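Biologist: I am new to this structure and would like a close, careful look at a single part of it. What lines the largest pocket, and how much space lies in it?

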Amino acid sequence: MEAALGRPAGLPLDNNENVVEALEVTKRFGKTPALRGVNLQVKRGEVHVIAGHNGAGKSTLFKIIIGLIRRDSGSLKVLGVDPSAPSWRKLVRYIGYVPEDASPYERLTGYEYLRFFARLYARDPSEVEEMVKVGVNIAGLSDRDLRRKAGEYSNGMKRRLLIARALMHRPLLVLLDEPTNGLDVFSAHEVRTMIKSLSRTGVTFVIATHNMAEAEYLADRVTFMAYGKSLFAGSPKEARESFGAENLEEAFVKAVKSYEDRGD
Ligand SMILES: Nc1ncnc2c1ncn2[C@@H]1O[C@H](COP(=O)(O)OP(=O)(O)OP(=O)(O)O)[C@@H](O)[C@H]1O
């Protein structure tokens, strides 16, 4: 998947540089401190899960990473560039993002939806059909379903379409915010399996979730977040070993308890 549709000439990212490098990032909304010092290192080609409770700051961090909102302090490089720098705009097309509350345009059919975004992403009209083909492949929906309006889709089908839209332009980095939230067990399983298989194509994924079983299943590495801080980063195995835990859920709970006990 990495090779086809135009790679940026001279992408400002060294081969061994992290795709995301965040150091002590902070962000306040008025009096609410959303991020109070977040460190995040995402390596090339990994599935990096940001696991945290409701309100931990995961969505805020995502919005800062893609340049939708600005951090207050700390340093950040994504694909080698600071998202608050003017040169960032050129790199946005190498990112795929599905926000937590995203929904496809309900009046468009699946095909129309993919074509609409392909036209936005394509730098040359000849790329459009190729992108739609990639999107159709990723969505894994039948031809019949792709001719139906997205408003008639199940939540699982909508999520597949959204993820296909986020990946059809062959981004280098894909951010998925709570990709299985609100899905039943079958649809959630389908979406996780889809992410796992797409990750084998070399795309780097950052996935936010509060579902620790999901984190355990998907993550090459995980960052625990609580109260706007990053508390731990490592592989799921390292997390279990560091906190003497049977599973990631227990490791997360212990990490948060120990943070609370320290009273930082
Ligand atoms: N636009 C905003 N205005 C004011 N406060 C905000 C805004 N966005 C987020 N916050 C606050 O910042 C904190 C972090 O929110 P954020 O949505 O980033 O957390 P989250 O980890 O994504 O939560 P969830 O898992 O519930 O989606 C919360 O206290 C939230 O209320």
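Modeller: Before the pocket, a word on the record: UniProt positions are given here in the numbering used for this chain, and an annotation may be inferred rather than shown by experiment. With that in mind, an unreviewed UniProt entry carries the annotation "domain: ABC transporter" for residues 20-252. In this model, which is predicted, the chain over residues 20-252 is 36% helix and 26% strand, while the C-alpha atoms at the two ends of that stretch lie 22 Å apart.

Turning to the part you asked about, the largest pocket holds about 190 Å³ of space. Its lining is made up of Ile 66, Val 92, Arg 93, Ile 95, Gly 96, Tyr 97, Leu 120, Tyr 121, Arg 165 and His 169. Two elements, strand S5 (95-98) and helix H2 (110-121), each give two or more residues to this lining, and the one that gives the most is S5, with three residues. Those from S5 are Ile 95, Gly 96 and Tyr 97, whereas Leu 120 and Tyr 121 come from H2.

Sorted by class, the lining has six nonpolar residues, together with two polar and two charged ones. The charged pair is Arg 93 and Arg 165, and the polar pair is Gly 96 and His 169, with glycine counted among the polar residues in this scheme. The nonpolar residues are Ile 66, Val 92, Ile 95, Tyr 97, Leu 120 and Tyr 121, so that S5 brings both nonpolar and polar residues to the pocket.

Methods
Residues numbered from 1 in each chain as written. Predicted model: local features only at pLDDT ≥ 70, side-chain atom pairs only at ≥ 80, totals over all residues. Heavy atoms only, no water. 1 Å grid on protein atoms, 1.4 Å probe; cavity = no way out; pocket = protein on both sides within 12 Å on 5 of 7 lines; lining within 4 Å. Points joined across faces, edges and corners; volume = space filled by probe spheres on them. Helix = DSSP H or I, 4+ residues; strand = E, 2+ residues; numbered from the N terminus.
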